[in-house]
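Please open the model in a viewer and keep the sequence panel visible. The tour below proceeds by selections, each followed by a description of what is found there.

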Amino acid sequence: MPLPSPIDLKLQYYVLHLADNALVLGHRNSEWTGHGPILEQDIALSNIALDLVGQARYLYQYAARIMNEKAAEAMGNASGAMAGSGGVPVTEDSLAYGRDAWDFRNCLLVEQTNGDWGKTILRQFLFSAWQYFFYEQLQQSHDSELAAIAEKSYKEVVYHLRWSSEWVIRLGDGTEESHVRMEKALDQLWKFTGELFVPAGYEKELVAVGIAVDVEALRASWEEKVGEVFAEAQLAWPGAMRGLTKDTAGEGAKSEWMQTGGKDGRHTEELGYLLAEMQFLQRAYPGCEW
Amino acid sequence: MTKTDDSNSVGVRQIWSLLEQVNDPEVPVLSVVDLGIIRDVRANGEDFEIVLTPTYSGCPAMDVIRTTIRMVLLERGYTKVRLTTVLSPAWTTDWMSEGGREKLKAYGIAPPLPSQQVCRPDLFGRDEAIECPHCHSYHTTRISEFGSTACKALYRCEDCKEPFDYFKCH
């Protein structure tokens, strides 16, 4: 049986990486539904969760199609797709609910726990700012399916970025209490931002053929955008991304070390708890619908 | 096998008019045609293809809309209908029909402004001057960027004091 060609396998991993990013952050945000500080913001975050889960669905559907087509080709059978276990086709649901933590390729940032409202807002902001530049570039992908998903998602992320930026400023430049909490959130989350700009192995070759976005090249725009908002929010820049670039950390930079691994399936312990809850029903009652 | 793609066939025209009876479950005064999410109806002999695009990626109404379209067409004897989804070009409120805008307003939802004026990532951007659908005052304030559904924002009229939904530009 011929194995999938390397580029297909890399594309499959890449699409899953993007899908997992969107699903995991969407799920984290959905944990706030019914618990938001005020009704309007509860609705806002729930709407962002919906957008992200919607984006994840397109990406999982695409990943499933790639996997099923490859499996059918390998079996010499164009009509029967059998990529899943027991000859069952892979679906968006089996990808979301049937894989364990080491199969998830999301960035570590999105799986971090909600903490307080400030931490949730900051996580959303740091990621939306990345998604904003990322989807802008992905629209140029030579893979027309990814380009279309990017075009759709980009419009939604514009809202997410604006909403979360305004909240970062409101809290950072708010009361003494809200400012302290934002500083604490920054301490907790900053070390997970470096990974956003480090390509995984499967990404590099796809960049070379014009399918994937060169994430290293997004860093400058991201830092500028985040820096502008931090300045307005009275939040100090946490320091250079040391360990990933040449050491350029200035005086007073406090968080230089960056944690990586998520894009290759090495996660923080938080993801396991998230999946245990999110996947519980399908694990206990496989294929259950209601 | 010859492919016949006749966009003016009786079937295609009838399907378009049937689609005008399929309403958005979240905004029941708007048909899917008013909303601008039907991108094409194609005929190939007795087979038909309807091309849809979602408003927002996570819009939960899309599944209901697809089911309703199937039901309505089935009732009129259209059994061979394929529904396909396209994402590009991405849906914009600029595709909403004039009639749709009027219907929204009469229903109490402020219709979207042209997107090029206001769809910007600028922070604390100047609030759009949205006309109150109840008393027609422009003296209104945005309460929240996200309203009862992904496609709407929540506003309040400072004159008649009524809150209202604005179908935000996208």
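Begin by selecting helix H5 of chain A, residues 117-138. The 22 residues of H5(A) reach 30 Å from the first C-alpha to the last, close to the 32 Å expected at 1.5 Å a residue. This is a predicted model, and the values given here are computed from it. Is H5(A) enclosed or open to its surroundings? Of its 22 residues, 18 are buried, so H5(A) is largely enclosed by the rest of the structure.

**A partner of H5(A)**

Keep H5(A) displayed and add helix H9 of chain A, residues 219-232. The two helices pack at an angle of about 135 degrees, and their axes are 10 Å apart. That angle makes H5(A) oblique to H9(A), and their crossing is right-handed. To see the contact itself, show the side chains of A:Leu126, A:Ala129, A:Trp130 and A:Phe133 on H5(A). On H9(A), show A:Ser221, A:Trp222, A:Lys225 and A:Val226. By class, the residues of this contact comprise six nonpolar, one polar and one charged.

**A loop residue beside H5(A)**

Next, select A:Thr193, which lies in the loop between helix H7 (176-189) and helix H8 (201-208) of chain A. Which residues does A:Thr193 touch, apart from those up to four places away in sequence? They are A:Leu109 and A:Leu126; A:Leu126 is also one of the H5(A) residues in the contact with H9(A). A distance label can be added from A:Thr193 to A:Trp130: their C-alpha atoms are separated by 9.3 Å, although these positions lie 63 residues apart along the chain. Is A:Thr193 buried or exposed? A:Thr193 has 25 C-beta neighbours inside 10 Å and therefore counts as buried.

**Helix H2 and its partner**

Move now to helix H2 of chain A, residues 39-74. At 1.5 Å a residue, its 36 residues should span 52 Å, and its end C-alpha atoms are 52 Å apart, which agrees. Just after H2(A), select A:Gly76, which takes a positive phi of about 65 degrees.

Then add helix H6 of chain A, residues 144-172. H2(A) and H6(A) pack at an angle of about 165 degrees, with 11 Å between their axes. The two helices are therefore roughly antiparallel to each other, and they cross in a left-handed sense. From H2(A), highlight A:Ala44, A:Ile48, A:Asp51, A:Gln55, A:Tyr58, A:Leu59 and A:Tyr62. These meet A:Glu145, A:Ile149, A:Ser153, A:Glu156, A:His160 and A:Trp163 of H6(A). Sorted by class, this contact has seven nonpolar, three polar and three charged residues.

**Chain A as a whole**

Select the whole of chain A and colour it by secondary structure. How many helices and strands does chain A have? There are eleven helices and zero strands. Buried residues make up 45% of its 290 residues. Among contacts in chain A with a separation of 6 or more, 70% join residues 24 or more positions apart.

**The interface with chain B**

Finally, display chain B together with chain A. In this interface, 18 residues of chain B are in contact with 25 residues of chain A. The side of chain B that touches chain A has twelve nonpolar, five polar and one charged residues.

Note on methods: Residues numbered from 1 in each chain as written. Chains lettered and ligands numbered in written order. Predicted model: local features only at pLDDT ≥ 70, side-chain atom pairs only at ≥ 80, totals over all residues. Contact = placed C-beta atoms within 7 Å. Nonpolar A, V, L, I, M, F, W, Y, C, P; charged D, E, K, R; others polar. Axes fitted to C-alpha atoms, helices over the stretch in contact; angles between N-to-C directions. Helix = DSSP H or I, 4+ residues; strand = E, 2+ residues; numbered from the N terminus. Parallel < 35°, antiparallel > 145°, perpendicular 65-115°, else oblique. Left-handed = near helix turned anticlockwise from the far one by under 90°. Buried ≥ 20, exposed ≤ 12 C-beta atoms within 10 Å, placed from the backbone. Expected span 1.5 Å × (residues − 1).
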